[in-house]
Amino acid sequence: MTVTSTLVRQVRQDALADLADVPAVSRWVRRGDLALHALDYGGDGAPVLVLPGITSPAMTMDFVARELVDLCRPVVLDVRGRGLSGSGTSWTLDDYAGDVLAVLDALELGPDTILFGHSMGARIAAVAATRRPVGGAVLVDPPLSGPGRAPYQTTLKAFLGQLHEAQRGTDADGVARSWPRWPRREQELRARWLSSCDEAAIAATHAGFESEDFFDAWPHVPAPVTLLYGVDSPVVPASGVAEIAAARPDARLVAVPDAGHMVFWDNPAEALGLLRGALGGPDRG
């Protein structure tokens with residue numbers, strides 16, 4: 001699909017105002033010409049580097065990070081081309097994984113750091129975990145599409161349609177038309193932050209969902225590794241779960257009930273409880 005929009009990437013003023021209410025500190029990492037931004041929530045536990053999905057700036061994972069601060073030190077990355085991070089000019093898994101390594105180095109996040117990613121972020125975490133000693137990986141509903149496989153379930157046209165609505169100034173009601181199950185606050189945050197995503201980055205990443213294979217990295221992700229998936233997710237269907245298990249019999253597979261691909265937004269209480277368990281902590285109910 002050819003990208004022809006003349007609308008540009010933008011961070012809305014009301015989006016920036018959201019940062020005033022976030023119990024996190026902005027951290028900046030320079031990788032060559034690219035500036036990478038992360039929200040560091042602090043805490044006394046081991047670091048957990050959080051890698052969001054294809055159209056999810058760091059701020060949209062705030063409700064997840066807040067639930068982890070008693071357990072670990074969540075650091076949520078604005079992946080290149082999203083949020084406050086620079087756009088870059090290339091968006092392959094290799095590019096993204098290199099950014100993760102740069103963040104680990106610059107923020108002095110040691111080998112006890114757990115990589116936790118959702119969707120695109122799960123793919124990135126899997127690749128990055130094969131390149132640096134880490135304390136473990138928690139991968140949530142990674143796209144299993146790739147060469148010779150079924151295409152990714154959400155079309156690029158759908159992603160760009162939502163992006164263009166945000167660039168024109170959508171609101172929570174507009175987001176609710178696409179994501180009716182989400183909590184209202186998360187609909188509001190997506191309305192304010194989606195326009196910070198780079199259109200070229202989305203298009204290239206979507207193409208990567210079908211040209212780069214998750215299973216190239218999956219067998220090599222060092223243990224311990226946990227994979228969470230939505231019971232109703234079309235991205236990780238039953239056949240995919242079977243393939244995941246066959247490729248890594250030692251991996252812990254956890255099904256999130258009453259959830260599709262957007263597991264934390266679809267069923268927050270259950271998904272967050274299971275995430276805490278995957279990170280080695282108790283479910284606070």
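**Pockets**

I looked up the largest pocket first; in this predicted model it holds about 230 Å³ of space. I counted 18 lining residues, and Tyr 152, Thr 154, Trp 179, His 261 and Met 262 are the ones nearest the pocket's centre. Sorted by class, the lining comprises seven nonpolar, nine polar and two charged residues.

I then went to the second largest pocket, for which I note a volume of about 150 Å³. Its lining includes Leu 144, Ser 145, Arg 149, Ala 150, Pro 151 and Gln 153, and also Pro 234, Val 235, Pro 237, Ser 239, Gly 240 and Glu 243. The class split here is six nonpolar, four polar and two charged.

**Ser 119**

I asked where Ser 119 lies. I find Ser 119 in the loop between β5 (114-118) and α4 (120-129). Is Ser 119 buried or exposed? Its relative accessible area is 3%, and buried means under 20%, so I log Ser 119 as buried.

I checked its surroundings next. Leaving out residues up to four places away in sequence, Ser 119 touches Gly 53, Val 140, Asp 141, Pro 142, Pro 143, Tyr 152 and His 261. Tyr 152 and His 261 are also among the residues nearest the centre of the largest pocket. I also noted a C-alpha separation of 7.3 Å between Ser 119 and Ile 54, which are 65 residues apart along the chain.

**Helix α10**

I looked at which residues of α10 (residues 238-247) are buried, and I list Gly 240, Val 241 and Ile 244. These lie on the same side of α10, because they cover an arc of only 100° around the axis. An α-helix has 3.6 residues a turn, so residues three or four places apart point the same way. On the other side of α10 I find Ala 238, Ser 239 and Ala 246 exposed. The buried residues of α10 pack against α9 (214-217), β7 (225-230) and β8 (252-256). Ser 239 and Gly 240 were already in my notes as part of the lining of the second largest pocket.

**Nonpolar cores**

I recorded 59 residues in the largest nonpolar core; Leu 49, Leu 115, Leu 139 and Trp 218 touch the most other members. I picked Leu 115 for a closer look. Residues up to four places away in sequence aside, Leu 115 touches Leu 49, Val 100, Leu 104, Ala 125, Ala 128, Ala 129, Val 134, Gly 136, Ala 137 and Val 138. Apart from the largest core I find another, of 36 residues, including Phe 63, Ala 65, Leu 189 and Val 263. In soluble globular proteins, nonpolar side chains tend to be buried together.

How values were computed
Residues numbered from 1 in each chain as written. Predicted model: local features only at pLDDT ≥ 70, side-chain atom pairs only at ≥ 80, totals over all residues. Heavy atoms only, no water. 1 Å grid on protein atoms, 1.4 Å probe; cavity = no way out; pocket = protein on both sides within 12 Å on 5 of 7 lines; lining within 4 Å. Points joined across faces, edges and corners; volume = space filled by probe spheres on them. Nonpolar A, V, L, I, M, F, W, Y, C, P; charged D, E, K, R; others polar. Core = buried A, V, L, I, M, F, W, Y, C linked by side-chain atoms within 4.5 Å. Buried < 20%, exposed > 50% of the residue type's maximum accessible area, 1.4 Å probe, protein only. Contact = heavy atoms within 4.5 Å. Helix = DSSP H or I, 4+ residues; strand = E, 2+ residues; numbered from the N terminus. Arc of directions from axis to C-beta.
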